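Biologist: I'd like to learn how to read salt bridges in a model. Could you walk me through some?

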Protein chains: 2
Amino acid sequence: MSTPHPIEFWFEFGSNYSYLSVMRIESMARDVPINWRPFLLGPIFQQLGFNTSPFVLQKAKGDYVWRDMERQCQKYGLPWSKPSRFPRTGLLPIRVALAGVNEPWVGDYCRRMMMRNFVDDQDIDSVAAVTDVLESMSLDAAPIVERATTDHNKQRLRSQTEAAYAKGIFGAPTFFVKGEMFWGNDRLEDALEYAHTAAE
Amino acid sequence: MSTPHPIEFWFEFGSNYSYLSVMRIESMARDVPINWRPFLLGPIFQQLGFNTSPFVLQKAKGDYVWRDMERQCQKYGLPWSKPSRFPRTGLLPIRVALAGVNEPWVGDYCRRMMMRNFVDDQDIDSVAAVTDVLESMSLDAAPIVERATTDHNKQRLRSQTEAAYAKGIFGAPTFFVKGEMFWGNDRLEDALEYAHTAAE
């Protein structure tokens with residue numbers, strides 16, 4: 001039996017299409033190992049010359065996106081409510097995700113954080129919000145937050161975001177399988193398929 | 001038996017993702033009537049503040065798109081060759097498509113014109129190119145070109161492009177089913193599904 005290649009999953013909590021993939025990836029991936037790659041989209045957009053999400057900058061596209069999200073969530077059987085603030089900043093939550101990428105709780109944490117933004121329509125970028133989510137998973141929040149906010153982890157997030165830019169990432173979610181880049185939740189199935197066909 | 005709603009198919013010959021949908025739509029649609037809606041993307045981009053395709057303006061996205069097109073064509077079993085000029089203008093070809101929207105040859109014409117751009121890597125915006133394509137279909141090209149270049153048909157294309165903008169179209173391909181907008185070749189299946197579920 002051959003082992004499939006891992007899938008790198010680049011996402012951020014403010015991104016609505018990342019929400020779809022965060023909710024779907026673990027159940028879709030089956031035996032494909034997932035390398036969680038939380039990063040910040042804001043600095044990427046700035047380097048590309050945008051001061052916020054293209055869905056805010058381009059009104060026609062933005063209007064469409066919210067209708068598309070409703071339909072996509074219906075298709076996937078996911079809960080959805082249009083956030084009253086968009087894009088929400090999620091610096092602390094993404095630092096926690098990065099600190100937890102190798103923890104068994106990373107997937108569950110990411111789903112709960114995403115649902116806080118895109119289902120409960122609550123802000124996510126505070127110690128209170130992160131504590132809430134971690135405690136809902138019966139985790140001890142304080143040491144995790146402490147680990148997430150060390151200089152080391154902060155620097156790691158900066159490096160991860162620079163790595164995203166260097167890899168050619170211009171949006172989220174983005175997947176990499178064996179060096180091949182796939183952009184958008186619509187390409188999750190293709191990326192996973194490639195993880196299998198590229199197995200050695 | 002209920003009749004499915006028609007699908008409006010907004011496309012243009014310079015658009016690479018329109019190529020995928022032009023090639024697929026007739027075989028995918030089955031009993032869903034297709035209303036062909038050729039329009040010009042250039043004036044839309046200009047009204048949105050872009051002087052050319054976003055794939056040219058945003059280098060990272062552009063680089064990705066060509067790799068994505070290779071993979072998508074492989075997935076759909078379609079021929080593909082990256083055009084050496086992008087985006088190609090296609091004013092005369094789109095006027096011909098508009099003049100032919102109710103002709104039985106419209107689908108075949110659009111596929112052949114698209115293949116000229118995205119498979120044969122040849123320019124499309126000349127009487128010679130259009131004549132070539134029409135004659136390859138055993139059609140009498142001259143009267144069709146004449147009909148396509150009347151003031152009436154030119155004005156009709158301007159109106160059609162204004163209508164695209166008024167409907168909120170910001171890219172191609174775009175589909176409408178019963179007033180619901182679907183953007184991108186990735187949504188063709190969803191749009192056709194909706195044409196069936198929305199049947200009365």
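Biologist: Let me start with B:Glu8: is this residue buried or exposed?

Modeller: B:Glu8 is buried, because its relative accessible area is 18% and the cut-off for buried is under 20%. Keep in mind that this is a predicted model.

Biologist: Which side chain does B:Glu8 meet in a salt bridge?

Modeller: The general idea first: side chains of opposite charge can pair when their charged atoms come close. Here the partner of B:Glu8 is B:Arg37, with 4.0 Å from N to O. B:Arg37 sits in strand 2 (residues 34-38) of chain B and B:Glu8 in strand 1 (residues 7-11), so the pair ties together parts 29 residues apart in sequence. B:Arg37 itself counts as partly exposed, at 24% relative accessibility.

Biologist: Where do I look for a pair that joins two chains?

Modeller: Try B:Asp186 and A:Arg187, whose closest N and O atoms are 3.0 Å apart. Each lies in the loop between strand 4 (180-183) and helix 10 (188-197) of its own chain, B for the Asp and A for the Arg, so the salt bridge joins two chains. A:Arg187 is buried at 3% relative accessible area, while B:Asp186 is partly exposed at 28%.

Biologist: Which residues do salt bridges with shared partners join into one network?

Modeller: A:Arg67, A:Asp68, A:Glu70, A:Arg71, A:Asp186, B:Glu180 and B:Arg187.

Biologist: And how many salt bridges are there over all chains?

Modeller: The count comes to 36.

Methods
Residues numbered from 1 in each chain as written. Chains lettered and ligands numbered in written order. Predicted model: local features only at pLDDT ≥ 70, side-chain atom pairs only at ≥ 80, totals over all residues. Heavy atoms only, no water. Helix = DSSP H or I, 4+ residues; strand = E, 2+ residues; numbered from the N terminus. Buried < 20%, exposed > 50% of the residue type's maximum accessible area, 1.4 Å probe, protein only.
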